[in-house]
Amino acid sequence: TKANGSPNCFNNFNVKGEVTLNPGTYVITGDVNINSGAKVSCDGCTFVLTDNPASGTGSLDINGGAELN
């Protein structure tokens, strides 16, 4: 399954399968999970991990077999 994503604010960001992200800034509160076997493509993307308070910023997990381009 292929999916496309556009810059936005997300509460948690979980990637399974194949996704192509549009250029821009992605603001994420909560956790980021790139699952095993996922393929993420993006040219010109910025990811901002944040929360209020900042001490609540989530984790970033990239599992084995994931591809990031």
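Which residue of E8 does Val40 stand opposite? In this predicted model, the residue opposite Val40 is Leu68. This small piece of pairing is a handy way into the structure, and the strands can be followed outward from there.

The pairing of E5 with strand E8 (residues 67-68) is parallel and rests on two bridges. On another side of the pairing pattern, E3 is joined to strand E5 (residues 39-42) by four bridges, and these two strands also run parallel. Within that second pair, Thr20 is found opposite Ser41 of E5. Strand E5 is therefore a partner both of E3, through four bridges, and of E8, through two bridges, since a pair of strands needs at least two bridges to count.

Strand E4 has partners of its own. With E2, E4 pairs in the parallel sense over six bridges, and one matched position here is Asn11, whose bridge partner in E4 is Thr29. With E6, strand E4 again runs parallel, and six bridges hold this pairing in the count. Here Ile28 faces Leu49 of E6. A further parallel pairing, of three bridges, joins E4 to E7, with Asp61 in E7 as the bridge partner of Asn33. In a regular strand, the side chains alternate between the two faces of the sheet. That general picture is useful to keep in mind when looking at which side chains meet one another.

The next topic is the nonpolar interior. The largest nonpolar core has ten residues: Phe13, Val15, Val19, Leu21, Tyr26, Ile28, Val32, Ile34, Ala38 and Val40. At least two residues of this core come from each of E2, strand E3 (18-21) and E4. Which strand gives the most to this core? That strand is E4, with four residues. One member of the core is Val32, which is placed in strand E4. Val32 counts as buried because its relative accessibility is 6%, and buried means under 20%. Although Val32 and Gly44 are twelve residues apart along the chain, their C-alpha atoms are separated by 18 Å.

Several of these side chains appear again around the largest pocket, which has a volume of about 160 Å³. Its lining is made up of Phe13, Leu21, Ile28, Val32, Ile34, Val40, Phe47, Leu49, Leu60, Ile62 and Leu68. Strand E4 (24-34), strand E6 (45-50) and strand E7 (60-62) are the elements that each give two or more residues to this lining. Once more E4 gives the most, this time with three residues. What kinds of residue line the largest pocket: nonpolar, polar or charged? The lining divides into eleven nonpolar residues, with no polar and no charged ones. The two residues of the opening question, Val40 and Leu68, both belong to this lining.

Aromatic rings form another pattern, with a count of four aromatic pairs. In one of them, the ring centres of Phe10 and Tyr26 are 6.2 Å apart and the planes meet at 15°, so the pair is stacked. This pair links distant parts of the chain, since Phe10 sits in strand E2 (residues 9-15) and Tyr26 in strand E4, 16 residues apart. The two partners can be compared by their surroundings: Phe10 is partly exposed, at a relative accessible area of 25%, whereas Tyr26 is buried, at 0% relative accessibility. Tyr26 also pairs with Phe47; their ring centres are 5.4 Å apart and their planes at 25°, so this pair is stacked as well. Because Tyr26 lies in strand E4 and Phe47 in strand E6, the pair ties together parts that are 21 residues apart in sequence. Phe47 is partly exposed, with a relative accessible area of 41%. Together, Phe10, Phe13, Tyr26 and Phe47 make up one aromatic cluster.

Two backbone details complete the description. Most residues other than glycine have a negative phi, and most peptide bonds are trans. Asn12 is not a glycine, yet its phi is positive, at about 75°. This residue, Asn12, is found in strand E2 and is partly exposed, with a relative accessible area of 41%. The second detail is the peptide bond between Asn52 and Pro53, which is cis, with omega at about 10°. Pro53 belongs to the loop between E6 and E7.

How values were computed:
Residues numbered from 1 in each chain as written. Predicted model: local features only at pLDDT ≥ 70, side-chain atom pairs only at ≥ 80, totals over all residues. Heavy atoms only, no water. 1 Å grid on protein atoms, 1.4 Å probe; cavity = no way out; pocket = protein on both sides within 12 Å on 5 of 7 lines; lining within 4 Å. Points joined across faces, edges and corners; volume = space filled by probe spheres on them. Nonpolar A, V, L, I, M, F, W, Y, C, P; charged D, E, K, R; others polar. Phe/Tyr/Trp six-rings, centres within 6.5 Å; stacked < 30°, edge-to-face > 60°. Buried < 20%, exposed > 50% of the residue type's maximum accessible area, 1.4 Å probe, protein only. Core = buried A, V, L, I, M, F, W, Y, C linked by side-chain atoms within 4.5 Å.
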